[in-house]
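Please look over the structure below before reading my points. Keep it open and find each residue as you go.

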Amino acid sequence: MQKKWDYLTVVADHNFKGRPEQSRASDGRTFSRGEAFMQQLGEEGWELVAVVFGTSGHDEYGNPLNYINRFYFKRPRPCD
C-alpha cells in the first residue's frame, strides 16, 4: 500500500520564562523566530495534528528550567 501522507515533527525549546528559543524540524530545518514556523509550515500545506508538552531540568526548588514542545504535522503526499 502506498503512503498517503508526509509527516513532520518540530521540537521547540523554550527558556524558563516560556519564550521560544529555537525550533528544529525533522527535515533538518531550524527556525529561530520562536513559533513563527507555525505560519510558515501552514503556508507550505502542513496541518498540525498533535502537540506534546514536556520539561527538561529543574532548579533547586523543583521548577522546570526548560520547556520542550513537540509539534506533529502531516500533509497529503503529492501525486506522482
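**Notes on the fold and its side-chain pairs**

1. Start with the salt bridge of Arg29 and Asp27. This is a predicted model, and in it the closest N and O atoms of the two side chains are 3.0 Å apart. Arg29 is partly exposed, at 23% relative accessibility. Asp27 is partly exposed too, with a relative accessible area of 42%.

2. Which residue besides Asp27 is linked with Arg29 in a network of salt bridges? It is Glu44. The closest N and O atoms of Glu44 and Arg29 are 3.0 Å apart. Glu44 sits in the loop between α1 (37–43) and β4 (47–58), while Arg29 sits in the loop between β2 (20–25) and β3 (30–31), so this salt bridge ties together parts that are 15 residues apart in sequence. Glu44 has a relative accessible area of 31%, which makes this residue partly exposed. Asp27, Arg29 and Glu44 therefore belong to one network of salt bridges.

3. How many salt bridges does the structure hold? The count is 3. One of them joins the side chains of Arg77 and Asp6, at 2.8 Å from N to O. Arg77 lies in the segment after β5 (64–76) and Asp6 in strand β1 (residues 5–14), so the pair connects parts that are 71 residues apart in sequence.

4. Is Asp6 buried or exposed? With 15% relative accessibility, Asp6 counts as buried, because the cut-off for buried is under 20%. Its partner Arg77 has a relative accessible area of 36% and is partly exposed. Check both side chains in the viewer.

5. Now the rings. The structure holds 2 aromatic pairs. Phe31 and Phe37 form a tilted pair, with 5.7 Å from centre to centre and 35 degrees between the planes. Both of these residues are buried.

6. Phe37 also pairs with Phe71. This pair is edge-to-face: the centres are 5.3 Å apart and the planes make an angle of 70 degrees. The label applies because an angle over 60 degrees counts as edge-to-face. Phe37 is in helix α1 and Phe71 in strand β5, so the pair links distant parts of the chain, 34 residues apart. Phe71 is buried, as is Phe37.

7. Put the rings together. Phe31, Phe37 and Phe71 form one aromatic cluster. To locate the cluster, begin with Phe37, which pairs with Phe31 and with Phe71.

8. Where does Lys74 lie relative to Trp5? Lys74 is over the face of the Trp5 ring, at 4.0 Å from the ring centre.

9. Step back to the whole chain. The protein has 1 helix and 5 strands. Read from the N terminus, the order of elements is β-β-β-α-β-β. Trace this order once in the viewer, then return to the pairs above.

10. What share of the 80 residues is buried? Buried residues make up 21%. Among the residues named here, Asp6 is one of the buried ones, and Phe31 and Phe37 are buried as well.

11. Last, contacts and surface. Take the contacts with a separation of 6 or more: residues 24 or more positions apart account for 49% of them. The protein exposes about 5,700 Å². Carbon and sulfur atoms supply 50% of that area.

Terms used
Residues numbered from 1 in each chain as written. Heavy atoms only, no water. Salt bridge = Lys/Arg side-chain N within 4 Å of Asp/Glu carboxyl O. Helix = DSSP H or I, 4+ residues; strand = E, 2+ residues; numbered from the N terminus. Buried < 20%, exposed > 50% of the residue type's maximum accessible area, 1.4 Å probe, protein only. Phe/Tyr/Trp six-rings, centres within 6.5 Å; stacked < 30°, edge-to-face > 60°. Lys NZ or Arg CZ within 6 Å of the ring centre and 35° of its normal. Contact = heavy atoms within 4.5 Å. Areas by Shrake-Rupley, 256 points an atom, 1.4 Å probe, with all protein chains shown as cover.
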